[in-house]
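Colleague: I keep meeting words like "oblique" and "cavity" in structure notes. Could you show me how each one is earned?

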Amino acid sequence: MSIRKFDTKVQHLKYKVLREVARLAWNDELLDNLLDIPKMIVPGNVPTMRCCVYKERAILADRVKLAMGGDKANPNVIEVIENACDECPMGGFEVTNSCRGCLAHRCEDVCKKNAIVFDHNHVAHIDKTKCVDCGMCAKVCPYTAIVKRTRPCENACKIKAISMNENKAAAIDNDKCISCGACVYQCPFGAIMDKSFILDAIDFIRRSENNTKYKVYAVVAPSISSQFTYAKLGQVIAGLKVLGFHTVVEAALGADMVAYEECEELHQKGFLTSSCCPAFVAYVEKAFPKLVPLVSHNLSPMATIAKYIKDKTDPTARIIFIGPCTAKKAEVQKDAVKPYVDVALTFEELQALFDSRDIDITTLPEDVLDNASYYGRIFARSGGLADAVAQGLKERGHDDFTLKPVSCDGIEECRIALLKKNKNVLDANFVEGMACVGGCIGGAGCLTHGEKNKAEVDKYGREAYEKTISDAISVLKK
């Protein structure tokens with residue numbers, strides 16, 4: 001019986017490309033066989049996804065390019081595959097067959113651009129050359145016969161970074177994009193993808209010569225507890241070591257460190273926004289630059305634990321972060337993070353790595369992952385960071401400080417909180433910003449997305465050996 005590892009067929013297609021690229025890279029055969037990958041995935045002459053196998057293979061060739069790092073001239077880690085983006089209607093307001101050709105013609109009366117016209121049956125039509133998508137006609141139609149059609153990518157992008165170019169393909173405004181990956185997950189044709197740095201990860205592992213030249217560390221996000229549902233978490237950890245990692249460290253330990261310092265920063269400053277979610281931080285920087293000084297000066301949990309490893313324990317270490325987040329790929333390119341984290345991968349890419357080496361993790365014995373506290377581990381879901389900061393204030397003895405947090409679940413809630421703070425009407429002193437709905441467990445790089453993921457993260461937190469933040473970070477001070 002085949003095991004369902006992904007939510008969608010789009011994810012599965014992306015995975016197959018990553019798996020084949022990785023398989024060839026492990027064997028030093030990638031450059032010799034690069035052009036054959038599309039044919040490996042789509043053999044024969046019968047199309048399975050598009051009008052013909054030739055178009056399918058042309059799109060797969062673009063996917064291979066993204067699996068190898070994408071367009072080096074484009075700084076964004078999210079890219080559009082124009083060949084794949086041609087099936088969606090342009091969108092905008094349309095008159096449906098619910099229009100009764102009524103006498104009132106309220107739609108016509110309210111349209112200031114004279115974009116409403118009628119045919120010989122008195123049925124309304126919208127002249128797209130005049131329409132400005134104001135939506136007034138839809139509001140006044142008594143039959144609700146006028147609806148707005150929105151492309152899935154545009155609908156997914158709540159910060160309006162996606163528009164259509166002259167070829168009617170999606171175009172990303174890099175000045176607005178925060179690399180959250182919402183469009184990546186929501187595009188039904190997989191026409192928007194995150195660049196992969198899987199080849200860099202393979203290169204680091206291979207060049208370590210079984211961790212004798214230097215040690216390769218896997219720093220895994222706490223949301224891993226809600227992924228790889230077909231196996232046990234301990235088997236995933238064992239699989240990472242079979243892949244060639246020296247050891248596996250919880251990013252949640254970095255979260256404990258961040259919570260402990262962030263609550264002190266909050267106590268001193270009186271107001272703070274979190275800095276853990278790179279997409280949220282990018283949103284503040286791009287849309288609310290005046291609020292940037294209010295963002296916590298702490299590095300993210302990923303960067304914090306990586307900095308500790310390189311500064312305190314192993315200066316020659318190579319650190320590969322594995323998590324649910326496409327924005328982490330942008331974060332590791334920042335000057336403040338680049339010295340500490342060498343590569344960021346998603347859970348999708350980790351699955352491709354396992355299968356590229358034919359590692360069946362369900363057959364492996366369970367290994368142990370136990371670095372962090374309950375509070376560090378629940379950073380993975382919305383509300384977890386605020387709970388951790390509250391615990392940190394308590395452990396540091398700041399009983400004189402009253403925490404009033406607002407946990408923003410998704411970028412739309414982040415926008416509302418930031419708008420209120422911009423106008424000084426926000427009734428809170430700590431903003432927990434999570435760009436993805438649900439928190440990290442809703443990240444675009446997850447294998448699966450579901451309500452049960454929150455419960456899995458909380459369960460994982462309760463299993464932590466260290467019960468307080470102080471207990472978890474005390475190990476680092478020894």
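What follows is a short talk about one helix pair and some empty spaces.

Modeller: This is a predicted model, where local features need pLDDT of at least 70, side-chain atom pairs count only at pLDDT 80 or more, and totals for chains, interfaces and linings use all residues. Residues are numbered from 1 along each chain as its sequence is written, and side-chain values use heavy atoms, with hydrogens and water left out.

Colleague: Why is H10 called oblique to H15?

Modeller: Helix H10 (residues 233-243) and helix H15 (residues 347-356) pack at about 60 degrees, with axes 10 Å apart. Under 35 degrees is roughly parallel, over 145 roughly antiparallel, 65 to 115 roughly perpendicular, and the rest oblique. The angle of about 60 degrees therefore makes H10 oblique to H15. The crossing is also left-handed: the near helix is turned anticlockwise from the far one by less than a right angle.

Colleague: Which residues make the contact?

Modeller: H10 brings Val236, Gly239, Leu240 and Leu243. H15 brings Leu350, Leu353 and Phe354. Contact means heavy atoms within 4.5 Å.

Colleague: What makes one residue of that contact polar?

Modeller: The contact has six nonpolar, one polar and no charged residues. Ala, Val, Leu, Ile, Met, Phe, Trp, Tyr, Cys and Pro count as nonpolar, Asp, Glu, Lys and Arg as charged, and the others, Gly among them, as polar. Gly239 is in the contact, so Gly239 is the polar one.

Colleague: What makes a space a cavity and not a pocket?

Modeller: On a 1 Å grid over the protein atoms alone, a 1.4 Å probe fits in a cavity but cannot get out. A pocket is an open set, with protein on both sides within 12 Å along at least five of seven lines. Lining residues have an atom within 4 Å of a point. Five cavities of 30 Å³ or more are present.

Colleague: What lines the largest cavity?

Modeller: The largest cavity holds about 320 Å³. Its lining has 27 residues, with Cys276, Cys277, Pro278, Lys328 and Cys440 nearest the centre. By class, 23 are nonpolar, three polar and one charged. Helix H11 gives the most, with three residues.

Colleague: And how is the lining of the largest pocket divided by class?

Modeller: It has eleven nonpolar, ten polar and seven charged residues. The largest pocket holds about 670 Å³. Gln186, Cys436, Val437, Gly438 and Gly442 are closest to its centre, out of 28 lining residues.

Technical notes:
Axes fitted to C-alpha atoms, helices over the stretch in contact; angles between N-to-C directions. Helix = DSSP H or I, 4+ residues; strand = E, 2+ residues; numbered from the N terminus. Points joined across faces, edges and corners; volume = space filled by probe spheres on them.
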